[in-house]
Amino acid sequence: MKLGSLKEGGRDGTLIVVSRDLTKAVKASGVAATLQAALDDWSNSAPRLNALSEELNAGTASGAFALDMSALASPLPRAYEFVDGSAYLPHVERVRRARGAEVPKSFYTDPLMYQATSAGFLGPRDPVVVSSEDYGIDLEAEVIVVTDDVPMAVTPAQASEHIQLIGLINDVSLRGLIPGELAKGFGFLQSKPRSTLSPVLVTPDELGDAWQDDKLHLPMRTWLNGTWFGEAECGVDMQFSFAELVAHVAKTRPLTAGTIVGSGTIANEDTDKGASCLAEQRTVETLRDGKPSTPFLKFGDSLRIDVLDRAGASIFGSIEQQIEPHKH
């Protein structure tokens with residue numbers, strides 16, 4: 001099934017079930033008012049939501065309406081926790097090589113992750129609002145999973161059973177602020193503003209054989225200002241599966257239902273597939289030409305992120321955003 005949230009009903013939106021072709025929806029108010037409420041009682045709500053999804057796709061759901069993407073909030077307008085990884089080591093290797101640094105051996109056995117901001121996520125058509133272009137505005141096209149309650153110290157095999165939903169994220173980064181923050185040795189803060197989730201999140205069974213070994217095996221398609229930017233393969237060069245990432249986070253603490261876990265920027269060894277963030281492309285240019293030629297995002301620029309199934313249909317709906325200045 002596919003789930004989203006309308007921009008109504010308060011800060012956590014109104015839960016809707018969305019048709020497989022993303023054209024129709026129905027409110028899930030008889031099951032749960034919000035997606036977080038559904039996740040809090042997932043064992044009971046999931047079967048009922050799935051039954052509603054079957055009715056919707058069969059054309060028999062009462063109260064179905066045409067889906068308007070601009071009316072959608074983030075599926076989870078706010079989440080208790082968002083932890084993001086950097087599971088695609090070709091990205092890490094290139095960035096470090098460009099500055100003359102080696103990748104620590106531990107990166108190949110121990111996931112690189114950080115605690116991200118989760119107090120609010122932008123809707124799939126909301127603008128990315130930034131105070132200054134000088135901050136080095138960048139997109140990061142990633143895959144995310146959402147868990148139910150995860151016990152502490154689970155194994156990856158156990159963690160796999162707690163992955164309930166899958167989606168996309170534009171994990172916005174302000175590259176100009178990152179070096180100074182990381183130099184403090186205490187992680188990201190101002191350099192990581194609010195991110196954007198895809199219009200819908202889907203259950204693993206919705207992906208068929210494209211979801212294997214706790215990885216998404218489809219290309220991440222990215223456009224900037226209407227021009228193709230990248231089509232990196234999500235299932236290739238991912239050092240750690242989502243089950244391994246979830247288990248890593250839960251090593252010392254349980255995870256609350258609704259926890260979001262990100263893959264990090266999708267990147268492949270094969271640079272002909274393009275990039276999923278501007279920093280990646282600029283690094284490729286630096287290694288090849290001695291300096292970057294692709295600028296970071298400017299006010300008025302637009303981006304689009306999507307993943308299609310093997311029949312060419314959008315699975316999660318597309319993230320489509322414009323960069324806008326903050327008006328003080």
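The buried residues of α3 pack against α7. Here buried means under 20% relative accessible area, exposed means over 50%, and partly exposed lies in between (1.4 Å probe, protein chains only). Contact means heavy atoms within 4.5 Å. Helices (H or I, at least four residues) and strands (E, at least two) are DSSP runs, numbered from the N terminus.

This is a predicted model, in which local features need pLDDT of at least 70, side-chain atom pairs count only at pLDDT 80 or more, and totals for chains, interfaces and linings use all residues. Residues are numbered from 1 along each chain as its sequence is written, and side-chain values use heavy atoms, with hydrogens and water left out.

**Helix α3 and the largest pocket**

The buried residues of α3 are Leu89, Pro90, His91, Val92, Glu93 and Arg94. After α3 comes Gly100, with a positive phi near 75°.

Helix α3 also helps to line the largest pocket. It gives the largest share of that lining, 5 residues. The pocket has a volume of about 950 Å³. Its lining has 31 residues, and those closest to the centre are His91, Val95, Arg175, Ile178 and Leu182. Two or more lining residues come from each of β6 (82-85), α3 (89-98), β7 (113-116), α5 (178-183) and α7.

How are such spaces found? On a 1 Å grid over the protein atoms alone, a pocket is an open set of points with protein on both sides within 12 Å along at least five of seven lines. A cavity is a set of points where a 1.4 Å probe fits but cannot get out. Lining residues have an atom within 4 Å of a point. Grid points are joined across faces, edges and corners, and a volume is the space filled by probe spheres set on the points.

**The cavity**

There is 1 cavity of 30 Å³ or more. About 40 Å³ of space lies in the largest cavity. Which residues line the largest cavity? They are Arg94, Thr271, Gly274, Ala275, Glu280, Gln281 and Val284. Helix α7 (residues 278-289) gives the most to this lining, with 3 residues.

The table sets out both linings by class. Ala, Val, Leu, Ile, Met, Phe, Trp, Tyr, Cys and Pro count as nonpolar, Asp, Glu, Lys and Arg as charged, and the others, Gly among them, as polar.

| Lining | Nonpolar | Polar | Charged |
|---|---|---|---|
| Largest pocket | 14 residues | 8 residues | 9 residues |
| Largest cavity | 2 residues | 3 residues | 2 residues |

**The nonpolar cores**

A nonpolar core is a set of buried Ala, Val, Leu, Ile, Met, Phe, Trp, Tyr and Cys residues joined through side-chain atoms within 4.5 Å. The largest has 62 residues, and Val143, Leu207, Leu216, Met220 and Phe316 have the most contacts inside it. Helix α6 (residues 242-249) gives the most to this core, with 5 residues. Another core lies apart from it, with 30 residues, among them Leu56, Leu165, Ile169 and Leu201.

What does Leu216 touch, leaving aside neighbours within four places in sequence? Leu216 is in contact with Val143, Leu207, Ala210, Trp211, Cys234, Gly235, Val307 and Phe316.

**A buried loop residue**

Leu139 sits in the loop between β9 (137-138) and β10 (141-147). Leu139 is buried, at 0% relative accessibility. Residues up to four places away in sequence are not counted among its contacts, which include Asn170, Asp171, Thr222, Cys277 and Ile305. Val128 is 11 residues from Leu139 along the chain, and their C-alpha atoms are separated by 9.7 Å.

**Cysteines**

The structure holds 0 disulfides. A disulfide is a pair of cysteine sulfur atoms within 2.5 Å. For Cys234, the nearest cysteine sulfur is that of Cys277, 13 Å away. Cys277 is likewise in no disulfide. Cys234 is buried, with a relative accessible area of 1%. Cys277 is buried too, at 0%.

**Two positive phi angles**

Most residues other than glycine have a negative phi. Asp213 is not a glycine, yet it has a positive phi of about 55°. It lies in the loop between β15 (211-212) and β16 (215-216). Is Asp213 buried or exposed? Asp213 is exposed, with a relative accessible area of 61%.

Asp237 also has a positive phi, about 65°, although it is not a glycine. Its place is in the loop between β18 (227-233) and α6. Asp237 is partly exposed, at 29% relative accessible area.
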